[in-house]
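Okay, thanks everyone for coming. Have a look at the model on the screen, and then I'll talk you through it.

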Amino acid sequence: MRRWLPILSLLPHAGRATVAASALLNVVFGLLPIAVIWWMSLLLATVPHAATEGIGIALALTVGSLALQQLLGPFQTALAEVISRRIDGHCVQLLLATSFRDAPIATLEQPGVLDRLADIRSAFDRTTASPGDAAAATLALLARYVQLAGAVLLIAVVLDPLTALVVGATAIVIRFGQRGSLGRFGAMWDGLTANRRRLHYVRTLATGTDAAKEIRVLGLRGWLGDRLRAENDGYLQPFWAGRRRLLMWPFVGFATVGLLGAALALAQLARGTAAGELSLLQFAVAVQAVLIPIRFGVYFPECDVQTQFGTRSYTALTDFIALAGVPDAPPPPPRGAADRPVLRPSTPRFAARRDGGGPVGAIRFEGVAFGYPGGHRVFTSLDLELPAGRSTAIVGLNGAGKTTLVKLLARFYDPDGGRITVGGTDLAELDPRQWQRRLAVIFQDFNRYELSAAENIGLGDTDEAALLRAADRAGARDVVDSLPGGLTTNLFSRYADGRDLSGGQWQRIALARALHAVHSGASVLILDEPTAQLDVRAEVEFYDQFLTRTEGLTSIVISHRFSTVRRADHIVVLEHGTVVERGDHDSLLAADGRYAEMFHLQASRFAAVGEVAA
Ligand SMILES: Nc1ncnc2c1ncn2[C@@H]1O[C@H](COP(=O)(O)OP(=O)(O)OP(=O)(O)O)[C@@H](O)[C@H]1O
């Protein structure tokens, strides 16, 4: 019941008239088999008396009831589909509302939350039952219960009330017993979510295109095949064992109870017939009616899986909403999926910045402490100043905490201790969304949207001149110009007329996105490894222009390339979460510390390569 009530509360989202029509149809569907039993029995009862007139009517009503059943079947299915689709649409909106309300990144990284999310996604991908399926199937259950009530009533009328009671009670006991088994099976299935998620991942790896190149070149087929078998066994063996334990043996037990109930009713029927207490009509009705409650204990293909797993999908959704810390708010209005021209006049992602921009003051990390949930401490007491209107480069070995620093600055996470201030204001006091709108960030693992070049740069902004200007500044203009449809070209060749870009070309597009954000009003530009995939000439060109074009802007560049770093106004060396050196390139070289050591190491490698080439 704990799972059913929320599902029932979803029904109004399918439209009251539709739900009422479906409920009515299901009641009719429950009554029709009872009518067939009655007319069919009447038909049989009239045969010995050769009452032709009676036969005609009974025959017509039997055939009519059967025909009505056939006729209404598609309507019942269609209404169930409409209900399911509407309710799922509502649930998708709830999911989107949760995601769009900025569930904390730390929450979205928790395995439990990811498991719940995987379950909801598989419901919406139709690999398991969805909340909408559960709601529609609940209405379909009406037909079954109406049919049971009708059959019990018939038995009570033609046989005797006690037998009807026994048969009805047997049916309910079996039914609830079976549902209980199915519930325990569902709980076991829930417990296998993590196994399922891993299996799904390995299966996608083996059959998808993302890892196809590495699998071929590195000869990973054998390893991947073994891994897939292991994951399959890890999921399917407990699944099958659970199914046998929770479904098969209880079914045998309940079937025995059902047979006993049926045997009792049939014995009563035989006794009544032998004693001459029953007419042919009564006999025919009773024989058929007894079968309905007996069959009631059996699995219902149109309801059981749908209700069992659909209710669980909805619980996964509500759990996700609760875990993501977002209230169950009214969803945003649905939007048509069809209206997606390549340069659509939608809300530009950066539009709000045009008014809301302006410089920010110096950014200060004051005794900042931070560790990822379940991980080690990245910062214990970080003190750092990023001067306003200047460029700061951050260097350090892998894992020093450079990206984490940016994540804290972008308020994806909050520090466990200390504070970050912007122009003297504690970042914690600012609305994260408002603050994030002041930032233009390109992460190391920036997104490659399977969309047009324009959308990859402007994310909804259709101002073509501004997009081309951003492409120009990022050195991406030649990339855009080489595309067959210019800005409107889809940047994935897996779409018709799409084109694939090289890693460096993608990086330039991502840079154009950041510079477009700056043009649209962002005040802090953060580039995490912005030139890692650029060739040497593109890197030189980018930096030649970068400093003049971002003059007066607070910019932060994280890079392992010293050719990139050396041009910054201010360089910070981070080691094990602390600033070990700071200054400009020349002063840091003169200090002959960590920076100088790393710089010379890289320079000597280039020199060595140069000697080899020479
Ligand atoms: N989401 C996360 N959950 C747990 N630990 C993390 C997470 N992201 C990073 N870490 C850990 O935090 C530490 C700092 O990582 P960070 O990505 O900030 O380093 P970095 O200096 O940017 O390294 P790189 O130069 O390799 O990009 C590392 O030890 C890393 O393993």
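**Helices, sheets and a ligand**

So, let's start with two helices: α7 and α11 are roughly parallel to each other, where an angle under 35 degrees counts as roughly parallel, over 145 as roughly antiparallel, 65 to 115 as roughly perpendicular, and the rest as oblique. Helix α7 covers residues 161–191 and helix α11 covers residues 280–296, and they pack at an angle of about 20° with their axes 7 Å apart. On terms: helices (H or I, at least four residues) and strands (E, at least two) are DSSP runs, numbered from the N terminus. Axes are lines fitted to C-alpha atoms, for helices over the stretch in contact, and angles run from 0 to 180 degrees between N-to-C directions.

A quick caveat before I go on: this is a predicted model, local features need pLDDT of at least 70, side-chain atom pairs count only at pLDDT 80 or more, and totals for chains, interfaces and linings use all residues. Residues are numbered from 1 along each chain as its sequence is written.

Back to our pair. The crossing of α7 and α11 is left-handed, meaning that the near helix is turned anticlockwise from the far one by less than a right angle; clockwise would be right-handed. Who makes the contact? From α7 we have V167, G168, T170, A171 and R175, and from α11 there are V290, P293 and F296. Contact here means C-beta atoms, placed from the backbone, within 7 Å. Sorted by class, that contact of α7 with α11 has 5 nonpolar, 2 polar and 1 charged residues. For the classes, Ala, Val, Leu, Ile, Met, Phe, Trp, Tyr, Cys and Pro count as nonpolar, Asp, Glu, Lys and Arg as charged, and the others, Gly among them, as polar.

Now, α11 has another partner. Helix α6 (residues 131–158) packs with α11 at about 145°, the axes being 9 Å apart. This crossing is left-handed too. On the α6 side the contact includes R144, Q147, L148 and A151, and on the α11 side it includes V290, P293 and F296. The contact of α6 with α11 divides into 13 nonpolar, 2 polar and 1 charged residues.

Okay, on to the sheets. There's an open sheet of 4 strands in the order β2-β1-β4-β5, with antiparallel pairing; two strands pair if DSSP finds at least two bridges between them. β2 (377–386) and β5 sit at the edges with a single partner strand each, so one side of each has no neighbour in the sheet. Walking across it, β1 and β2 are joined by 6 bridges, and R364 stands opposite E385 in β2. And what packs on this sheet? That's α14, touching β1, β2 and β4, with its direction at about 110° to that of β1.

Carrying on across, β1 (residues 363–371) pairs with β4 (residues 417–422) over 5 bridges, with I363 opposite V422. V422 also has T425 of β5 as a bridge partner, and 2 bridges join β4 to β5 (residues 425–426). In the hairpin of those two strands, with 2 residues between them, G423 takes a positive phi near 55°.

Next, the other sheet. This one is open and mixed, with 6 strands in the order β6-β7-β8-β3-β9-β10. Its edge strands are β6 (439–442) and β10 (578–583), and neighbouring strands are turned by 15° against each other on average, direction ignored. β3 (residues 391–396) and β9 (residues 570–575) pair in the parallel sense over 5 bridges; A393 stands opposite I571, and G396 opposite L574. β9 then pairs antiparallel with β10, again over 5 bridges, and E581 in β10 is the bridge partner of V573. Their hairpin has 2 residues between the strands, and H576 in the turn shows a positive phi of about 45°.

Last thing, the ligand. G396 turns up again here, in a shell that also includes E109, Y372, N398, K402, T403 and T404; a residue is near a molecule or strand if its C-beta atom, placed from the backbone, lies within 6 Å of it. Which helix gives the most to that shell? It's α14 (residues 402–409), with 3 residues. The shell divides into 3 nonpolar, 7 polar and 2 charged residues.

Note on methods: Contact = placed C-beta atoms within 7 Å.
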